[in-house]
Each structure stands twice: as structure tokens, then as C-alpha cells.
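Subject: Structure handover, with notes

Dear colleague,

I am passing the structure below on to you, together with some notes on what was found in it. Please look through the model first and then read on.

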Amino acid sequence: MSISAENISWKVGKKVIVNNVSLAVSQGQTVGLLGPNGCGKSSLLRILAGLRRPHTGTVALDGKSIAGMAKKQFARRVAFVEQHGMTDANMRVRDVVKLGRIPHHSPFSSWTPQDDETITSALKTVDMLHHSEQGWQSLSGGERQRVHIARALAQMPTEILLDEPTNHLDIHHQIQLMQLISQLPVTSLVAIHDLNHASMFCDALIVMQQGQIVATGTPQEILTEDLLWDVFRVKTKIELSPFHGKKHIHYLV
């Protein structure tokens with residue numbers, strides 16, 4: 001097992017945001033995290049990424065609690081890609097990706113050829129090597145998201161957590177990015193809104209509602225008209241796509 005959580009809860013004041021959640025993500029899987037706005041997806045990802053401490057429960061990597069891990073050790077293992085990763089500085093693309101190497105350096109260690117090779121490899125993986133000398137502010141939204149994923153890859157993690165990385169992107173860049181994420185050689189847990197993209201690109205799905213997990217399984221198993229009505233309050237007709245053989249969701253109005 002790659003990353004897991006057992007009975008984790010997190011609240012703001014008296015309001016429970018994540019409510020007694022347990023999950024297990026297998027190594028190498030691309031897992032989609034689904035649910036309506038406000039259901040706790042982003043908060044859950046931040047807990048799994050070590051950015052928030054749960055009030056109850058434990059998060060573990062390969063069965064070992066992350067609570068006792070040194071921050072650098074954890075950062076070498078888990079990368080987090082925010083929904084709106086921005087910077088006001090017009091840094092070069094390559095310099096943005098260099099930030100991913102911080103967990104692998106001490107204040108006194110020097111830059112190595114291996115660091116350069118890792119950055120080049122990350123940029124190649126996201127097809128942004130030809131933009132490496134370009135300024136951050138000149139990039140499109142889709143290009144910026146690719147650079148953030150390259151920065152995460154430069155950490156050389158085994159798990160990447162992504163919070164709605166396709167939000168505000170046009171459909172072309174949404175599909176490109178989800179295809180890229182599904183092909184990364186790591187365990188990926190990605191919060192996503194588009195149910196058809198979840199069906200097409202994810203190995204497994206976790207569905208949340210009001211801070212709790214209400215369904216887990218493969219897209220073929222759990223994407224049903226009844227579930228989508230219960231969770232999202234949308235009427236749908238679900239068929240197998242003649243193009244890729246996976247479930248395709250039609251919305252009825």
C-alpha cells in the first residue's frame with residue numbers, strides 16, 4: 001500500500017470538515033477524488049500532504065505514520081500540487097522547477113550534475129523542456145500547471161497529490177493534463193470535477209459527500225446514475241463509450 005489514512009477527522013471550530021475518513025491507495029495508481037464543492041476534498045488532500053494535522057486518526061506511508069517523519073524525509077516522498085500555484089516573480093521555468101530540489105539539499109550542500117539531470121528529466125516528462133528559459137509570466141494556464149507538476153516531479157516523490165489541477169483550463173489543456181497525470185510513474189491522488197475525465201483517466205475513484213467517503217472502487221464499478229443523483233443531484237444517463245470503452249456520462253436537463 002502506498003498512502004493510507006485511518007479514521008482521520010479535521011474541523012474548523014465546531015464545524016467538521018473531514019469526518020472519520022479511512023482510505024488506502026495502491027502503489028502506482030491514479031485515483032480520482034470526487035465530490036461536490038465543500039465536501040472536504042481539498043482539506044483531505046492537505047491532511048494527506050502533511051500540511052494540516054488531523055484532530056483524530058493517522059496518515060501513513062507504507063504503513064508507517066507520517067507524524068514521526070522529518071519534514072525533509074516526507075517532502076522527498078510526497079509532492080503536493082495546489083489548485084492555484086502562483087508566483088508574482090517572473091522566474092525562469094527552470095528556476096521554478098529547481099524549487100523541487102530543496103528537500104534534497106542542506107543549507108551547505110552544493111548543486112550537482114544529478115540535480116540538473118533531474119530537472120531536465122522532469123521538464124521532458126511534462127513536455128516543457130523547450131520552455132525552460134522562458135519567463136513564468138509569459139506562460140499559459142496549462143503550461144503553468146505542467147511546470148508545477150515538473151517541480152513536483154523534481155522532488156522525486158513516490159506520491160503526488162493534486163488539488164483540481166484542471167480548474168480554469170480549457171478543454172484541450174484539461175485532457176492533456178489528465179492524460180499526463182495518468183501516465184506519471186508515481187502514485188497520484190487527484191481531486192477532479194469532470195466525471196468523464198475521472199472515468200477516462202483514473203484507475204480508481206473515491207467519492208466524498210459532507211466530509212465522508214461514500215463510495216470507492218473503479219470507475220466502472222461505482223459510477224452509476226443513482227450515485228450521481230445522490231451525491232451531485234444531477235440526472236444522468238451512463239453508457240459505454242464506443243471510442244474508449246469506458247463509461248460516458250450524459251447529463252439530462
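Which residue takes a positive phi just after α1? That residue is Gly50, whose phi is about 80°. Please keep in mind throughout that this is a predicted model.

The helix that comes before Gly50 is a good place to begin. Helix α1 covers residues 41-48, and because seven of its eight residues are buried, the helix is largely enclosed by the rest of the structure. The buried residues of α1 are Lys41, Ser43, Leu44, Leu45, Arg46, Ile47 and Leu48, so that charged side chains as well as nonpolar ones are named in that list.

Gly50 also appears in the description of the pockets. The largest pocket has a volume of about 720 Å³, and 26 residues line it, of which Ala49, Gly50, Leu51, Lys71 and Phe74 are the closest to its centre. Two or more lining residues come from each of the elements β4 (56-61), α2 (71-75), β6 (78-81) and α5 (141-154). By type, the lining of this largest pocket divides into 14 nonpolar, seven polar and five charged residues.

The second largest pocket has a volume of about 190 Å³. Its lining is made up of Thr118, Ser121, Ala122, Thr125, Leu153, Met156, Pro157, Pro185 and Val186, and helix α4 (residues 113-125) provides the largest share of that lining, with four residues. Six of the lining residues of the second largest pocket are nonpolar and three are polar, while no charged residue takes part.

Leu153, one of the residues that line the second largest pocket, lies in helix α5. With a relative accessible area of 14%, Leu153 falls under the 20% cut-off and is therefore buried. Leaving out residues up to four places away in sequence, Leu153 touches Ala122, Thr125, Val126, Ile160 and Leu184. Leu184 is 31 residues away from Leu153 along the chain, and the C-alpha atoms of the two are separated by 9.1 Å.

Turning to the interior, the largest nonpolar core has 44 residues, and those with the most contacts inside it are Leu34, Val97, Val147, Ile149 and Ile160. Helix α5 gives the most to this core, with six residues. Apart from this core lies another one, of 30 residues, and among them are Val31, Ile47, Leu189 and Met208. Ile47 is also listed with the buried residues of α1. As for Val97 in the largest core, its contacts beyond four places in sequence are with Ile119, Ala122, Leu123, Val147, Ala150, Arg151 and Ala154.

Next to Val97 in the sequence comes Lys98, which is found in helix α3 (residues 93-98). Is Lys98 buried or partly exposed? Its relative accessibility is 28%, and because partly exposed residues lie between 20% and 50%, Lys98 counts as partly exposed. Lys98 touches Arg92, Trp111 and Ile119, when residues up to four places away in sequence are not counted. Lys98 and Thr118 are 20 residues apart in sequence, and their C-alpha atoms are 9.2 Å apart in space.

The strands deserve a separate look. Four of them form an open sheet in the order β2-β1-β4-β5, and the pairing is antiparallel. The edge strands, each of which pairs on one side only, are β2 (15-25) and β5 (64-65). Two bridges join β4 and β5 in the antiparallel sense, and Lys64 in β5 is the bridge partner of Leu61.

Within this sheet, Ser4 has its place in strand β1 (residues 3-12). Ser4 counts as buried because its relative accessibility is 19%, under the 20% cut-off. Beyond its neighbours within four places in sequence, Ser4 is in contact with Leu23, Ala24, Thr58, Val59 and Ala60.

Further along the chain, strands β11 (residues 236-240) and β12 (residues 247-251) run antiparallel and are joined by five bridges. The two strands form a hairpin with six residues between them, and Gly245 in the turn has a positive phi of about 75°. One of the bridges pairs Glu239 with His248 in β12.

With best wishes

Key: Residues numbered from 1 in each chain as written. Predicted model: local features only at pLDDT ≥ 70, side-chain atom pairs only at ≥ 80, totals over all residues. Heavy atoms only, no water. 1 Å grid on protein atoms, 1.4 Å probe; cavity = no way out; pocket = protein on both sides within 12 Å on 5 of 7 lines; lining within 4 Å. Points joined across faces, edges and corners; volume = space filled by probe spheres on them. Core = buried A, V, L, I, M, F, W, Y, C linked by side-chain atoms within 4.5 Å. Buried < 20%, exposed > 50% of the residue type's maximum accessible area, 1.4 Å probe, protein only. Contact = heavy atoms within 4.5 Å. Pairing = 2+ DSSP bridges.
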